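Biologist: Let's go through this model term by term. I want to know what stands behind each word.

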Amino acid sequence: MKNTRKEHDFLGELDIPNELYYGIQTFRAVENFNITGITLRHEPKLIKALGWVKKAAALANRDCGVLNDKICEAISYACDEVIAGKYDDQFVSDFIQGGAGTSVNMNANEVIANIALEYLGHEKGQYDFVHPNNHVNCSQSTNDAYPSAFRIALYLKIDDFCIALEKLQSAFQLKGKEFDRVLKMGRTQLQDAVPMTLGQEFSAYATTIGEDLLRLREVQKLVLEVNMGATAIGTKVNAPEGYPELCVNYLAKETSLQLSLSPDLIEATSDTGAYVQIMGTLKRAAVKISKICNDLRLLSSGPRTGYNEINLPARQPGSSIMPGKVNPVIPEVVNQTCFYVIGQDLTVTMAAEAGQLELNVMEPVIGFAMFTSLDYLKNAIETLVDKCVIGITANEEHCANLVMNSIGIVTQLNPILGYEASASVAGEALTSGKNIHEIVVLERKLISQEKWDEIYSLENLIHPKLINS
């Protein structure tokens, strides 16, 4: 038995190893596009989405009378096998490629065709019976099949990402409750401001993460509108009457997603605005997560010459020369991941802008940027939660001492002493090294000890009430 089969396209013939389910066009793509080393097999959600798209197309074509029952059954079987993940290793196209995703589409068409051929009792490559273009790609173009699959996969990946983000939000909420009585100094511009609790600080992190969850869920819905049936540029050339509606209905049923057909298929085939908006929202989340990691590094700095208000779990020795040094390596790695995501926002922006006329050929790099960003940031978030946030502890006594020795607590005296007198107290404290209590109560006798105790009680510092006399 021969180990290879001959396949041809209009560029010529190639010998394809018989064990491969992909064919000549995918083979050329592997030779042409060795860019990232990250292939479709690393993105099972996109492979599954391609299977759904091809199955929905086959069923719609059958209903429209352009595909017979036997071929539709074979293609549907093959798609189900692909959806089940049994042929992930056959999806070998590099993520970044020329041709607007044609290599991805043909990779799916060839694999599905050859599975279908075996289902019908034929050999791989006997395309007279089931053809990658004529049958699997019937009534389709790369320009509607690829972006529709991309959108479905993107929707599912955002789902996974939001689960990780919810985990981070929950971790900060729990720390907020744990630290709700830990008095500390709030800071603005890295200078002492007014007292607060560590719990309020961590609860605020939970709130800001929750805002990003809401925004992501909002923009996620943008990808539920697909252009299946648009074919080449949106005019529905080569598609039978009623096919677009049937195909999208089948696709919605197969995926259990509320997919809808774009009302203007020409606009939808060239427009990548949804990706710009989603990536911008993801960038927003990355910026805020990175800011939180900056805070964690500052709050744990020291331990003896920094803030030292919290302790991060020690994960590894921090230096090859300084014994005993422990670095905040988990927030640091999350910072760096966030920088990557922020950079990919520009990639998506430029790729979206680079489209010309009726098609944007840059969708492969948009997909790569968005999928890797969602994957990497999801991994970083899970690392942040599991290896850092849940193990954070507070240096409660140190935090309280910083508050009571701070000049910033003079702000609470403004309603009683007025700004000018309070500023005078602050100035003396700054130059003399005395604390505010010593100057206000013991030396200048501006308020009584009883009033001081009322103003600077833990409850009033945590939940301040106006005390003006």
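Modeller: Start with contact: it means heavy atoms within 4.5 Å. By that cut-off, 10 residues of domain 2 are in contact with 9 residues of domain 3. Keep in mind that the model is predicted.

Biologist: What are the bounds of domain 2 and domain 3?

Modeller: The domain assignment gives 150–224 + 265–396 for domain 2 and 407–462 for domain 3. Domain 1 covers 4–138. The C-alpha centres of domain 2 and domain 3 are 39 Å apart.

Biologist: How much area do domain 2 and domain 3 bury between them?

Modeller: About 750 Å², with 63% of it on carbon and sulfur atoms. On the domain 2 side, R181, L183 and P195 lose the most area to domain 3. Together they make up 56% of what that side buries.

Biologist: Now the helices. Why is α6 called roughly parallel to α10?

Modeller: Helix α6 (residues 142–178) and helix α10 (residues 273–299) pack at about 20°, their axes 13 Å apart. Angles under 35 degrees count as roughly parallel. Therefore α6 is roughly parallel to α10.

Biologist: Which hand does the crossing of α6 and α10 have?

Modeller: Left-handed.

Biologist: Which residues of α6 and α10 meet?

Modeller: From α6, P147, F150, R151, L154, I158, F161, L165, L168 and F172. From α10, A274, Y275, I278, L282, I289 and I292.

Biologist: How do the residues of that contact divide into nonpolar, polar and charged?

Modeller: There are 14 nonpolar, no polar and 1 charged. Arg counts as charged, and R151 of α6 is one of the residues in the contact.

Terms used: Residues numbered from 1 in each chain as written. Predicted model: local features only at pLDDT ≥ 70, side-chain atom pairs only at ≥ 80, totals over all residues. Heavy atoms only, no water. Axes fitted to C-alpha atoms, helices over the stretch in contact; angles between N-to-C directions. Helix = DSSP H or I, 4+ residues; strand = E, 2+ residues; numbered from the N terminus. Parallel < 35°, antiparallel > 145°, perpendicular 65-115°, else oblique. Left-handed = near helix turned anticlockwise from the far one by under 90°. Domains from an automatic or database assignment. Buried area = accessible area lost by both parts, 1.4 Å probe.
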